[in-house]
Amino acid sequence: MAQKQPFYSPTRPPTLAMTELVKMTLDHHHAADLISKWLEHRNDTYTDWFFSRRDQKHDRNQRQMLLWNKGDFLLENIFCRTVDTGRLIPLRTWTTHVYCHRSIHDRKRPMMPVVFTMLPELMLLRAMHDRGCEEIFIIVTDLQRQEMDEVTEYFKLVCRHAFGQCKPSMERRIQLEHMRITHALHRHRRTPCFPQIDLTLRAILYEKRPRFVVLFSPQPTSYSQILFTHHTYVPDEEVFFDYPTGCPNPCCTDNCEMLRFPRRGLETANVLEIKRGGKFGKRVKQKTMCNWIECDVCFSEEPSSKRSSGSSEGTESSENGLDPPGQRVVPGQLCSQCRLVRYCSLDHQRRDWPEHKKVCVRMQWD
């Protein structure tokens, strides 16, 4: 018996096999090459921002989200606090999947400039997520700013109501909104068409379950939108409140930024409130985990805004930053020197030391 072919519907789960967009993949080596090229430009505003973070004094009452205490300006020397596990780990590379219209592919336009345009933001977004960001997904469109905002609101509506059972009244509303946006973009000859954007993005959400998806529009000027898939995946505002806009014009406002980065945390982030549970995935809980990257011990599932109290009060630190030999490390014990990371055992603390020593210093609190 012939198997039924899947059909496209704004309220039914699509598959990536249905999309007509062309996927171009840039692996970890491409990301490393782009980062090396970016590091050659040491006078741009992004580099100045990283240097300002290095010189910033730390507040005892706040969790440090980004640190660069030792060494040259290299990825392995800049550490970020992950939003999903609470670990403090260095910047890393990733694989980028770019979905674009076949006309771009036929013209043999390379996708590396697309990634390079938003490279500093992708570096930080990758570092801010411990798991689920080894692959980053970008959909290339030619939407203008207002159209991008309308499309974003549509995806918020669909993800809030159409992942699972959808009420008939809400299904009609989604279909009407889908037709309105489709016809509006068709009049302006937008490519890819909105049904293909919708199909591809929702298929990525269903099949890949990423931490975020980027909508990129190179015309008339580069402009991008980040769509986070859960509120706990949004970076902390303490890091990005003064992040550069990416526009070289000093007279421009925040609305001119090429990538709408959430400088004020949830207040300015676009979050897709996806229904979770059952066959659509487990509920997302924010965790605090052992800083050793291969350890799965979880200390808590409390929101990161609740600062955890340390259990190593009065511990003397050794010369290399590890706890004194022979002392038993209880679950959730802070590093006795920097007091920024936790370990479940002395063995995992020792294993993490070759990496952690690059950032471990006794903090100068205000």
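**Warm-up.** Where does R209 lie?

*Solution.* Look at the loop between α8 and β7: R209 lies there. This is a predicted model, so keep that in mind as you work through the exercises. The phi of R209 is positive, about 50 degrees, although R209 is not a glycine. R209 comes just after α8. Its relative accessibility is 40%, so R209 counts as partly exposed.

**Exercise 1. Get an overview of the protein: how many helices and strands are there?**

*Solution.* Start with the count: the protein has 10 helices and 14 strands. Next, take burial. Of the 366 residues, 51% count as buried. Then turn to the surface, where the accessible area comes to about 18500 Å², and 48% of that belongs to carbon and sulfur atoms. Last, check how far apart in sequence the touching residues are. Among contacts with a separation of 6 or more, 68% are between residues 24 or more positions apart.

**Exercise 2. Check helix α1 against its expected span, then work out which neighbours its buried residues pack against.**

*Solution.*
- Step one: α1 covers residues 28-39, which is 12 residues, and at 1.5 Å a residue they should span 16 Å. The end C-alpha atoms are 16 Å apart, so the two values agree.
- Step two: list the buried residues of α1, which are A31, L34, I35, W38 and L39. They cover an arc of only 135 degrees around the axis, so they sit on the same side of α1.
- Step three: see what that buried set meets. It packs against α2 (45-55), α4 (112-117) and α5 (119-127).
- Step four: go back to the start of the helix. There, a side-chain oxygen of D27 comes to within 3.1 Å of the backbone nitrogen of H29.

**Exercise 3. In what order do the three strands of the open sheet with β2 come?**

*Solution.* The order is β2-β3-β4, with antiparallel pairing. The edges are β2 (66-67) and β4 (88-90), each of which pairs on one side only. Now zoom in on one pair: β2 and β3 (residues 79-81) run antiparallel to each other and share two bridges. For an example, find L66, whose bridge partner in β3 is C80.

**Exercise 4. Walk from α7 to the end of α8. Which peptide bond on the way is cis?**

*Solution.*
- Step one: leave α7 (168-187) and enter the loop that leads to α8. R189 lies in this loop. Its phi is near 55 degrees, a positive value in a residue other than glycine. R189 counts as exposed because its relative accessibility is 73%, and the cut-off for exposed is over 50%.
- Step two: keep going to the cis bond. That bond runs from T191 to P192, with omega near 0 degrees. P192 also has its place in the loop between α7 and α8.
- Step three: climb onto α8 (residues 194-207). This helix has 14 residues and reaches 20 Å from its first C-alpha to its last, close to the 20 Å expected. α8 is mostly covered, with 13 of its 14 residues buried.

**Exercise 5. Which strands pair with β8, and in which sense?**

*Solution.* Take the partners one by one.
- β7 (residues 212-217) pairs with β8 in the antiparallel sense, over six bridges. Here L215 stands opposite Q225.
- β9 (residues 259-260) pairs with β8 in the parallel sense, over two bridges. In this pair, R260 is the residue opposite Q225.
- β10 (residues 270-271) is another parallel partner of β8, again over two bridges. L227 stands opposite N270.

Now look at the side chains of β8. Y223, Q225 and L227 point one way, S224, I226 and F228 point the other way, and all are buried.

**Exercise 6. Is Q225 buried or exposed, and what does its side chain meet?**

*Solution.* First place Q225 in strand β8 (residues 223-228). With a relative accessibility of 1%, Q225 counts as buried, since the cut-off for buried is under 20%. Next, follow its side chain. A polar contact of 3.5 Å links it to the side chain of D149, and another polar contact, at 3.1 Å, joins it to the side chain of T152. Finally, gather the wider surroundings: leaving out residues up to four places away in sequence, Q225 touches several residues, including M148, V213, V214, L259 and N270.

Methods: Residues are numbered from 1 along each chain as its sequence is written. This is a predicted model: local features need pLDDT of at least 70, side-chain atom pairs count only at pLDDT 80 or more; totals for chains, interfaces and linings use all residues. Side-chain values use heavy atoms; hydrogens and water are left out. Helices (H or I, at least four residues) and strands (E, at least two) are DSSP runs, numbered from the N terminus. The expected span of a helix is 1.5 Å times one less than its number of residues. Buried means under 20% relative accessible area, exposed over 50%, partly exposed in between (1.4 Å probe, protein chains only). The arc is that of the directions from the helix axis to the C-beta atoms. Contact means heavy atoms within 4.5 Å. A polar contact is a pair of N or O atoms within 3.5 Å; within protein, one must be able to donate a hydrogen and the other to accept it, and residues adjacent in sequence count only if both atoms are side-chain atoms. Two strands pair if DSSP finds at least two bridges between them. Accessible areas come from the Shrake-Rupley method with a 1.4 Å probe; for residues, only the protein chains shown count as cover.
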